[in-house]
Amino acid sequence: MNSALLVNIFRFIMLLAIQIVIFNNMNFLGYISPFPYILYIILYPVNSNRSGLIISSFLLGLTMDMFCNSGGIHATACVILAYYRPYIFKFSFGLSYEYQTIKLNESLTPERFSFILVSVLLHHIILFILEAFQFKFIWDILLRTLFSTIFTIIISIIIIYLIKPNKR
Amino acid sequence: MQQIFNFIIRNSNRLLFLLLLGISLALTIQSHSYHRSKVISSANFLSGGVYERINHVNEYLNLRTENDELVLENARLKSLLFNKEDTTKLPLPDSVKGVKPADIIVSKVIHNSYNRHENYITLNSGANEGIKPDMGVINSLGIIGVVDNTSPRYSTVVSILNMKSQINAKIKKSNHFGSLTWDGKSTGFVQLEDVPRLASIKKGDTIVTGGQSVIFPEGINIGTVDKIYIKNKTSYYVINVKLFNDMTNLGHVYIIKSKDRDELINLEKKEKDE
């Protein structure tokens with residue numbers, strides 16, 4: 001229990017740090033920027049405290065907003081993703097997901113991939129809609145969402161493989 | 001009473017979610033609708049400090065371009081010094097030309113965003129150095145933006161690449177005024193709107209700041225005319241301005257501290273009250 005909490009706090013800080021130091025400075029073609037910091041929400045233990053996840057996601061998003069000068073768009077997207085995470089689990093793994101011990105950082109099955117895809121897509125579309133805040137940018141929003149999603153997923157999978165615990 | 005408690009306990013996650021969603025949406029809408037009063041900005045102790053550390057590393061990678069710029073500016077200043085104008089000419093009273101005596105504060109960009117619709121820049125000096133909101137920020141090539149928020153040691157700047165920014169500007173040779181905005185598309189171009197169609201403009205003309213606001217003194221470079229078109233149904237030109245500055249690569253900047261600023265603002269306020 002305690003070690004899980006420590007792992008989560010460590011993940012929270014590390015993901016924020018690499019997001020701010022490295023990935024916030026990446027702009028491919030001027031509008032493609034990855035947001036792998038949401039791995040914190042994706043990798044949060046399945047059966048852990050749900051309100052803890054929602055509060056910590058809010059803090060995660062708020063910190064990002066502070067560093068990006070963006071009002072509350074990251075906080076909104078993160079809170080929505082955190083709240084709807086169980087539904088995405090149900091969508092990807094079927095009804096009985098609660099009784100399985102799902103560990104996302106094991107080998108990449110189609111279910112795990114679809115879970116990551118839907119989560120990232122949900123987060124990014126909310127993020128970019130709130131960022132533009134105007135309907136005349138609808139193509140811009142969709143384009144940014146599409147490319148950033150692809151990019152975030154690639155980087156997230158690389159990170160998951162890098163932090164995979166050693167097999168004993 | 002029992003039922004209310006039961007309801008709250010049963011739906012605690014949903015209520016928590018709605019509460020946090022409400023807070024974050026309020027922050028979002030607030031940041032989009034008002035020009036100022038951002039609650040959450042990077043001009044604070046934590047993010048300012050982090051960005052300063054990151055910038056220390058990045059600076060070494062940009063030493064070459066920074067040096068080139070300094071050499072160019074030195075050359076320009078030297079040429080000004082050597083080709084000084086005739087000093088026997090009578091000095092015009094400065095209120096006529098709209099030039100105000102201005103102080104300059106040197107500062108450094110520690111964070112710069114340019115890939116969103118509302119972009120902000122963070123500087124590593126703040127209220128301690130005398131920076132206040134609504135001061136103009138320039139560098140050797142042209143204008144950068146207007147100070148938005150300050151903390152004791154850091155400040156944020158509304159970049160000209162921000163759809164909320166509006167800066168008074170004019171065509172250098174003909175004195176026709178317009179307001180400078182950004183359409184959120186390209187980082188190399190901004191738009192000069194509301195220029196009357198009487199104005200004779202051609203491609204390549206220089207756009208400079210107008211002297212109508214207290215933020216910037218008159219005649220600071222902005223860019224050159226790239227494309228001219230007419231907004232439908234109005235009798236005004238919209239001009240695509242190619243910036244002198246590369247907004248994606250900023251180093252040292254100057255903050256203009258107009259001495260007459262407080263006096264002018266007070267005067268205008270008084271007039272409004274009456």
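## Close-up views of a two-chain predicted model

**View 1. H3(A) and H4(A) are roughly antiparallel to each other.** Everything shown in these views comes from a predicted model. Start with two helices of chain A: the axes of H3(A) and helix H4 (residues 73–93) come within 7 Å and cross at roughly 155 degrees. Angles over 145 degrees count as roughly antiparallel, which is why this pair gets that description. The crossing in which H3(A) passes H4(A) is right-handed. For the wider setting, chain A has six helices and zero strands, and its pattern along the sequence reads α-α-α-α-α-α. Of the 168 residues in chain A, 52% are buried.

**View 2. Helix H3 of chain A meets helix H3 of chain B.** Take care with the names here, since each chain has its own H3: residues 50–68 in chain A and residues 45–61 in chain B. How do these two helices lie relative to each other: parallel, antiparallel, perpendicular or oblique? Their axes come within 9 Å and cross at roughly 60 degrees, and H3(A) and H3(B) are therefore oblique to each other. H3(A) passes H3(B) in a right-handed crossing.

**View 3. A salt bridge runs between the chains, from Arg116(B) to Glu131(A).** Side chains of opposite charge can pair when their charged atoms come close. In this pair, the closest N and O atoms of Arg116(B) and Glu131(A) are 3.3 Å apart. On the chain B side, Arg116(B) sits in the loop between strand E1 (102–112) and strand E2 (118–123), while Glu131(A) belongs to helix H5 (residues 110–132) of chain A. Are the two partners buried or exposed? Both Arg116(B) and Glu131(A) are buried.

**View 4. Arg144(A) and Asp140(A) pair within a single helix.** Look along helix H6 of chain A: these residues are four apart, about one turn of the helix. The salt bridge between Arg144(A) and Asp140(A) has its closest N and O atoms 3.5 Å apart. Residues under 20% relative accessible area are called buried, so Arg144(A), at 7%, counts as buried. Asp140(A) has a relative accessible area of 23%, so this residue is partly exposed.

**View 5. Lys170(B) and Glu218(B) form a salt bridge in chain B.** The N to O distance is 2.6 Å. Lys170(B) lies in strand E6 (residues 167–171) and Glu218(B) in the loop between strand E9 (206–209) and strand E10 (221–230), so the pair ties together parts of chain B that are 48 residues apart in sequence. Lys170(B) is buried, with 6% relative accessibility, whereas Glu218(B), at 29%, is partly exposed. Salt bridges that share partners also join Glu131(A), Asp140(A), Arg144(A) and Arg116(B), from the two views before this one, into one network. How many salt bridges are found over all chains? A search of the whole structure finds seven.

**View 6. Eight nonpolar residues make a surface patch on chain A.** The patch covers about 730 Å². Its members are Leu143(A), Leu146(A), Phe147(A), Ile150(A), Ile154(A), Ile158(A), Leu162(A) and Ile163(A). Where does Ile163(A) lie? You will find Ile163(A) in the segment after helix H6 (138–162) of chain A. With a relative accessible area of 42%, Ile163(A) is partly exposed.

Terms used:
Residues are numbered from 1 along each chain as its sequence is written. Chains are lettered from A and ligands numbered from 1 in the order in which they are written. This is a predicted model: local features need pLDDT of at least 70, side-chain atom pairs count only at pLDDT 80 or more; totals for chains, interfaces and linings use all residues. Side-chain values use heavy atoms; hydrogens and water are left out. Patches are made of residues with over 30% relative accessible area and no salt bridge: like charges are joined within 9 Å, nonpolar side chains (Val, Leu, Ile, Met, Phe, Trp, Tyr) within 5 Å. Accessible areas come from the Shrake-Rupley method with a 1.4 Å probe; for residues, only the protein chains shown count as cover. A salt bridge is a side-chain nitrogen of Lys or Arg within 4 Å of a carboxyl oxygen of Asp or Glu. Buried means under 20% relative accessible area, exposed over 50%, partly exposed in between (1.4 Å probe, protein chains only). Axes are lines fitted to C-alpha atoms, for helices over the stretch in contact, and angles run from 0 to 180 degrees between N-to-C directions. Angles under 35 degrees count as roughly parallel, over 145 as roughly antiparallel, 65 to 115 as roughly perpendicular and the rest as oblique. A crossing is left-handed if the near helix is turned anticlockwise from the far one by less than a right angle, and right-handed if clockwise.
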